[in-house]
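Student: Could you take me through the aromatic side chains in this one? I'd like a close look at how the rings pair up and what sits around them.

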Amino acid sequence: IPMKDPNYNAYHNINELPRHVFSEMEHFFTVYKNLEGKNTVVDEAKDREAALEVIEKCLDNYVETFCRWIKERKPVLDLADLGKYRENNRIEAKKATGGFPKSLWESYSAFANTIGGIILLGVEEKADGSFERAGLKNAWALLDEFWQKVNDKTIASKNILSPNDAYIDRDSEGDIVVINVPAAKAEAKPIYINRDIYNGSYCRN
């Protein structure tokens, strides 16, 4: 759905479309390969849930083909027993269900400038201080946004992570983005944010 087009952005499923619009789409996918000498056939139109299932399978195939280390790496935390953890000077949890948390960068700077630590996106802190999954559904988008921003020097002075330091732990109760921030080497310190070495450098007690 073109989200900025008011003619279409109110639709959420294919069965909501006017029949004529659907016929135009069906015709397009029938003929759009003709100039390449290829024939296409529209067999069946499925709904939003079917599309999400296909996307999920594609993501799984991508991980299996290009990111095997996500599955094979030894987890930093035992996320199957998430409730035993609490926030401390090495672990910070952020719910992140409302989008990418800007406060992440203060944590990134603080961990990098001390002994390192782990940032968890998609984790909620309960009243007793224990952790639980927050039902995060857009983990891939958050992980992609993190990698884009950590390499943007207007946001963070230096990316000190390796590709294996940020990954997704998947679960039916909600995914978790795990970001393992190492301690920065002495020559890279301080790691600061927002291009401000004086007010943008943080430390963890």
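Tutor: Here is a walk through the ring pairs and their surroundings. Bear in mind that this is a predicted model, so every value below is computed from predicted coordinates.

Let's start with the count: the structure holds eight aromatic pairs. One of them is Y8 with Y11, where the ring centres lie 6.4 Å apart and the planes meet at 50°. Planes under 30 degrees apart would count as stacked and over 60 as edge-to-face, so with its 50° this pair is tilted. Neither ring's residue is tucked away fully: Y8 is partly exposed with a relative accessible area of 28%, and Y11 is partly exposed too, at 22%.

Now set F29 and Y32 beside that. Their ring centres are 5.7 Å apart and the planes stand at 80°, so this pair is edge-to-face. F29 is partly exposed, with a relative accessible area of 41%, and Y32 counts as partly exposed at 40%. As for where Y32 sits, look in the loop between α1 (19–31) and α2 (48–66).

The F29 and Y32 side chains also belong to something wider. Together with M25 and F28 they form a nonpolar patch on the surface, with about 390 Å² of accessible area between the four. M25 lies in helix α1 and, at 35% relative accessibility, counts as partly exposed. If you want a landmark for M25, try V42: the two are 17 residues apart along the chain, and their C-alpha atoms are separated by 9.9 Å.

Next, jump along the chain to another group of rings. F100, W105, Y108, F146 and W147 are linked by ring pairs into a cluster. For F146, the helix to look at is α5, which covers residues 139–150. Helix α5 has twelve residues and reaches 16 Å from its first C-alpha to its last, close to the 16 Å expected at 1.5 Å a residue. Within α5, F146 is buried, and so are A139, L142, L143 and V150. Viewed down the axis of α5, the buried residues fall within an arc of 100°, so they line one face of the helix.

So, to pull the pieces together: Y8 and Y11 make a tilted pair, F29 and Y32 make an edge-to-face pair that shares a surface patch with M25 and F28, and F146 belongs to the ring cluster while being buried in α5.

Methods:
Residues are numbered from 1 along each chain as its sequence is written. This is a predicted model: local features need pLDDT of at least 70, side-chain atom pairs count only at pLDDT 80 or more; totals for chains, interfaces and linings use all residues. Side-chain values use heavy atoms; hydrogens and water are left out. Rings of Phe, Tyr and Trp (its six-membered ring) pair if their centres lie within 6.5 Å; planes under 30 degrees apart count as stacked, over 60 as edge-to-face and the rest as tilted. Buried means under 20% relative accessible area, exposed over 50%, partly exposed in between (1.4 Å probe, protein chains only). Patches are made of residues with over 30% relative accessible area and no salt bridge: like charges are joined within 9 Å, nonpolar side chains (Val, Leu, Ile, Met, Phe, Trp, Tyr) within 5 Å. Accessible areas come from the Shrake-Rupley method with a 1.4 Å probe; for residues, only the protein chains shown count as cover. Helices (H or I, at least four residues) and strands (E, at least two) are DSSP runs, numbered from the N terminus. The expected span of a helix is 1.5 Å times one less than its number of residues. The arc is that of the directions from the helix axis to the C-beta atoms.
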